Number of protein chains: 2
Amino acid sequence: MTHEFIQALQRELAPDVFFGEDIPVRFHNDWGGLSPVIPLALVRPRTTEQVSVTLRLCNEFKVPVVPQGGLTGLAGGARPIENGVALSLDRMNGIEEVDTVMATMTVLAGTPLSVIQAKAEEVGLFFGLDLGARDSCVIGGNLATNAGGNRVIRFGMAREHVLGLEVVVPDGTIVRSLNKMLKNNAGYDLKQLFIGSEGTLGVITRAVLRLQAKPAELASAFCGCPDFPSLLELLKSARQGMGSALTSFEVMWPSFYDFMTGKLPDLRRAFKEPHGIYVLIETGGRNAEENRALLEQVLSDALEAGWVSDAVLPSSERETKDLWAVRESVSEYGKLMGPLTAFDVGLPTSAAGRVVDEIEAAMKVRWPDAIALSYGHIGDSNLHLVCNIPSAGNDQPHKEITELVFGSIAREGGTISAEHGIGLLKKPYLKLSRTPEELALMARIKLALDPNNILNTGKVLSV
Amino acid sequence: MTHEFIQALQRELAPDVFFGEDIPVRFHNDWGGLSPVIPLALVRPRTTEQVSVTLRLCNEFKVPVVPQGGLTGLAGGARPIENGVALSLDRMNGIEEVDTVMATMTVLAGTPLSVIQAKAEEVGLFFGLDLGARDSCVIGGNLATNAGGNRVIRFGMAREHVLGLEVVVPDGTIVRSLNKMLKNNAGYDLKQLFIGSEGTLGVITRAVLRLQAKPAELASAFCGCPDFPSLLELLKSARQGMGSALTSFEVMWPSFYDFMTGKLPDLRRAFKEPHGIYVLIETGGRNAEENRALLEQVLSDALEAGWVSDAVLPSSERETKDLWAVRESVSEYGKLMGPLTAFDVGLPTSAAGRVVDEIEAAMKVRWPDAIALSYGHIGDSNLHLVCNIPSAGNDQPHKEITELVFGSIAREGGTISAEHGIGLLKKPYLKLSRTPEELALMARIKLALDPNNILNTGKVLSV
């Protein structure tokens, strides 16, 4: 059977199918940190029709198939399956159309995010999605995982940047819904099914993206607040005072801020005195004066009300970069901390202060030398938490830490995955964030679209 | 069998179930203009559990059930089915929670839109959805039909205002996904299935809505442009110059503008000279000066470039109202025109000028006395078109007009329904906007969720 399947792949897809040692190592894994897997075959299609052929064959022979984009996912969702096919979209790379009247761009799924961003800027527009992996990740993966990133508070998740999709469903049918219109209520909005389903329902091959007017200059301010309740008042006031000009509200707890500024000599602390909690506010007004005026108004009100103890309004690009450098130092974790257990959770914003205190304290009780650093896009209810137990060396108690953290999150009605998705790594915990009725409905949808359960089999949910 | 079913309804739902003459006339129809239908029974539940009981019984006895909200839909989607049950959400009316930190509001499905808008303003926030029927329509219906309306260009369709839903699926299962977080990628985003599916997949009983910062004052300008290509340049320039401050771009063709200002003596024409096409631009900056500055900048550039021939910047609320009065005179159609064939179509913005010319001309060729008025939210690619053939009296050639208009739209890759949905009225034409593969996928989803096809049976699509 396997032999027959391999022959069929060869016959219908050569020279774009690879086996064994011909499969480059980079297709063996994503950034999820699980052990690499060599798939039975790798297909690197150049056309949607080849994607269709691949799925049709896999469906006929009931062979699992794992769609792959830029392989930058953190949940193991694009890791191949042994005896399965890896289906990389990397060769379906290109911008097919830019429509400046509609403010849309039609792209192939394998196009890197940064290429899309650059093209939008080139025509005087702007693509609202941005994340650290922008040069490596591709739009198909961004959409399949409903990526979040740095600008969600202002521009929304990946879902909100899509107008149309072309998708291949498991039996090989090509479903073209390359809608370009902002309003289209003619029947079910099928694209919504595929966005965020992590490649378990269909393979995205093309997308019509929604572009935005180019935002004017950005400006930032850095604040020290006495405590979390004050920070919440500042958030409300910033949202009210800045409206859609508020582009970032990035919170750093002392656990994170003190650790990073202590370990990395290049990072400058903004204040002499320590504060209860820190936040970077970014605003995108129409010009530099407006930005400054907006920030000054919000900050002077907040200082007067006591919600902010001290604030810095940088006066040069250099100073702005210095402030952001602390928040962006997260790429240094590996060097500073050794093996990590890292979280991307969401929870009602008002509970975030209490939950962080609770988790950081519980970690110290359980592992007295625990390092637990907290920070996040709190304006989007998104909390990141990074843990290491130095005394545990390479044998980190990942499972125990995860159960401790997810337990707190679940009690508050939070989500175990705000932006990274479920993939393989978080699958055992999905039931903490979703009810049995929700899980049953997901399984029903999965089986309706993929009755042979071939597409990214075993990722997100079991059916 | 029917007798048994009626007994079961009585037993499990009295006193909230009604039969025959006890069913008030207003539940016999929506605003779609089809003939009224008296259903077998009307259920007016007070709780989600009663909705669940209703669906369970209908599913068991295989009786069609039609969910009803404010009954303001224009596509016949909420018209009852003979021998079916009408399920009105009108008694599930109320705001359950406002969370000013998260900027969310949790409401029951039968809550009127205007009540939600008012509550949001009361707490210093803003609900971004608005449409003419705001006092009569309810949020459950707005979400089930993915309503559009006046602020889509700035705030998006109904879908973009929802964070969580509670839904009852056809077998009676209650699926609670009352998420409040902006970011939540833990499994499939189930709510997306129900939003815009016009009550064919589940009954929405509760929603968590996303509120916005209150926009500052609005300001408007009215422009006469030489032709449609100039208008497009103005749109691009307004989008670029105003960014997210652009809240409306409402276009009126001379067919509409001349007819309405000619027929309604209270409407003032803004200019002495006629122009090729007219547009109302609205901006929502942070204050009156900023609004004026934004508009002045865009208009002076456009006048210089020749995209605008003449413009009015009203200097009082009274003058602003006068300008909008023309656009809002659409409620007078009934009196002015007699029986109508009305359209809510979408098409690539750049094609809208050509398509309107083509349709208006073809109407005149076919019916020399035809009145065809064109206007629309062109910033959202949404065109409205209203037709009457005076010589046809009460016997309007609806079908022929529809085929003529939808034919043009389909050729341009447009949509036969931008915001009103498909319901019953547009169902025969859905295939003009969607491919066979898309229709097959919709049917597959419908049957997966509603295997007995009881929920709003025969609306949107046949399975």
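## A first look at a sheet and a chain-to-chain contact

Let's start inside chain A: strand 2 (residues 41-43) and strand 4 (residues 85-88) run parallel, with three bridges joining them. Keep in mind that this is a predicted model. Two things are worth a look here: a sheet in chain A, and the contact that chain A makes with chain B, where about 6800 Å² of area is buried.

**The sheet in chain A**

- The sheet is an open one of four strands, in the order 1-2-4-3, and its pairing is mixed.
- Strand 1 (17-19) and strand 3 (65-68) of chain A sit at the edges, each pairing on one side only.
- On average, and ignoring direction, neighbouring strands of this sheet are turned by 20 degrees against each other.
- If you want a spot to zoom in on, try A:Ala41, which stands opposite A:Val85 in strand 4 of chain A.
- As background, strands of a sheet pair through backbone hydrogen bonds, either parallel or antiparallel.

**Helices packed on the sheet**

- Helix 1 (residues 2-13) of chain A packs on the sheet and touches strand 1, strand 2 and strand 4. The direction of helix 1 makes about 145 degrees with that of strand 1.
- Helix 2 (residues 48-61) of chain A packs on the sheet too, touching strand 2, strand 3 and strand 4. Here the angle is about 165 degrees, taken between the directions of helix 2 and strand 4.

**Where chain A meets chain B**

- Each chain brings 92 residues to the contact.
- Carbon and sulfur atoms give 56% of the area buried between chain A and chain B.
- Three residues to pick out are A:Lys183, A:Asn185 and A:Tyr188: together they supply 15% of the area that chain A buries against chain B, more than any other three residues.

**Polar links across the interface**

- Between chain A and chain B there are 10 salt bridges.
- A salt bridge joins the side chains of A:Arg159 and B:Asp189, at 3.5 Å from N to O.
- Polar contacts across the interface of the two chains come to 42 residue pairs.

**What chain A's side is made of**

- Several elements of chain A each supply at least two residues of the side that touches chain B, including strand 9 (174-177), helix 7 (228-242), helix 9 (288-305) and helix 12 (349-366).
- Helix 15 of chain A gives the largest share of that side, with nine residues.
- Sorted by class, the side of chain A that touches chain B has 38 nonpolar, 32 polar and 22 charged residues.

How values were computed:
Residues are numbered from 1 along each chain as its sequence is written. Chains are lettered from A and ligands numbered from 1 in the order in which they are written. This is a predicted model: local features need pLDDT of at least 70, side-chain atom pairs count only at pLDDT 80 or more; totals for chains, interfaces and linings use all residues. Side-chain values use heavy atoms; hydrogens and water are left out. Two strands pair if DSSP finds at least two bridges between them. Axes are lines fitted to C-alpha atoms, for helices over the stretch in contact, and angles run from 0 to 180 degrees between N-to-C directions. Contact means heavy atoms within 4.5 Å. Buried area is the accessible area (1.4 Å probe) that two parts lose on being put together, summed over both. A salt bridge is a side-chain nitrogen of Lys or Arg within 4 Å of a carboxyl oxygen of Asp or Glu. A polar contact is a pair of N or O atoms within 3.5 Å; within protein, one must be able to donate a hydrogen and the other to accept it, and residues adjacent in sequence count only if both atoms are side-chain atoms. Ala, Val, Leu, Ile, Met, Phe, Trp, Tyr, Cys and Pro count as nonpolar, Asp, Glu, Lys and Arg as charged, and the others, Gly among them, as polar.
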